[in-house]
Amino acid sequence: MNILLWVLQLALALLSLSGGAYKVFMFDELAKMPATGALARGGWGAVGVFEMLCAVLLVVPAATKWMPVLTPLAAAALAVESLALAGLYARYSLELTATNPLVWVVMMGLMAAFVAYGRYVLRPPA
């Protein structure tokens, strides 16, 4: 179970880091989507910074064994953030296609919820 949780943590960290960096540094590309109008540029930047911070907290505390309780907290925070973004994206499109960000946000939220549950209940931090 520990190996599965680590694989999911790393995948989630990479998704969060890349998604957060995209929201912060590539806003011009992000602005082409209809759902972008729901938040201002600063709002998307704050969401991006939050995702990048959570990506770091998913890996570093557990790997260094320094305050490993931050790892499930970061995963739970990402799950809540993904739920909020899913609600935002669902207002604009419910298509199940690879180009719809709703699909990616829901997948990321499920992974984050499983990592949070796994690190709290199944395999608590040492």
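User: Before we get going, what counts as buried, exposed or partly exposed here?

Analyst: It goes by relative accessible area in this predicted model. Under 20% is buried and over 50% is exposed. Whatever sits in between is called partly exposed.

User: OK, so which class does L4 get, and why?

Analyst: L4 belongs to helix α1. Its relative accessibility is 41%, and since the in-between class runs from 20% to 50%, L4 counts as partly exposed.

User: L4 is also in a nonpolar surface patch. Which helix gives the most to that patch?

Analyst: The patch joins M1, L4, V69, L73, F114, Y117, Y120, V121 and L122, with about 810 Å² of accessible area together. Five of its residues come from the top contributor, and that's α5.

User: Back to α1: what span does it reach from first C-alpha to last?

Analyst: α1 covers residues 2–25, so 24 residues in all, and at 1.5 Å a residue the expected figure is 34 Å. The model comes close to that, at 34 Å.

User: Which helices help cover the buried residues of α1?

Analyst: Among the buried ones are L5, L8, Q9 and L12. Their cover includes α2 (27–30), α3 (41–64), α4 (70–90) and α5 (101–122).

User: And inside, how many residues does the largest nonpolar core have?

Analyst: L12, L58, A75, L78, A112 and V115 have the most contacts inside that core. α1, α3, α4 and α5 each supply at least two of its residues, with α5 giving the largest share, five. The core's total is 15 residues.

User: Which residues does V115 touch, leaving out those up to four places away in sequence?

Analyst: V115 is one of the residues with the most contacts inside the largest core. With sequence neighbours up to four places away not counted, V115 touches L5, L8, Q9, L58 and A75.

Notes
Residues numbered from 1 in each chain as written. Predicted model: local features only at pLDDT ≥ 70, side-chain atom pairs only at ≥ 80, totals over all residues. Heavy atoms only, no water. Helix = DSSP H or I, 4+ residues; strand = E, 2+ residues; numbered from the N terminus. Expected span 1.5 Å × (residues − 1). Buried < 20%, exposed > 50% of the residue type's maximum accessible area, 1.4 Å probe, protein only. Contact = heavy atoms within 4.5 Å. Patch = residues over 30% accessible without salt bridge, like charges linked within 9 Å, V, L, I, M, F, W, Y side chains within 5 Å. Areas by Shrake-Rupley, 256 points an atom, 1.4 Å probe, with all protein chains shown as cover. Salt bridge = Lys/Arg side-chain N within 4 Å of Asp/Glu carboxyl O. Core = buried A, V, L, I, M, F, W, Y, C linked by side-chain atoms within 4.5 Å.
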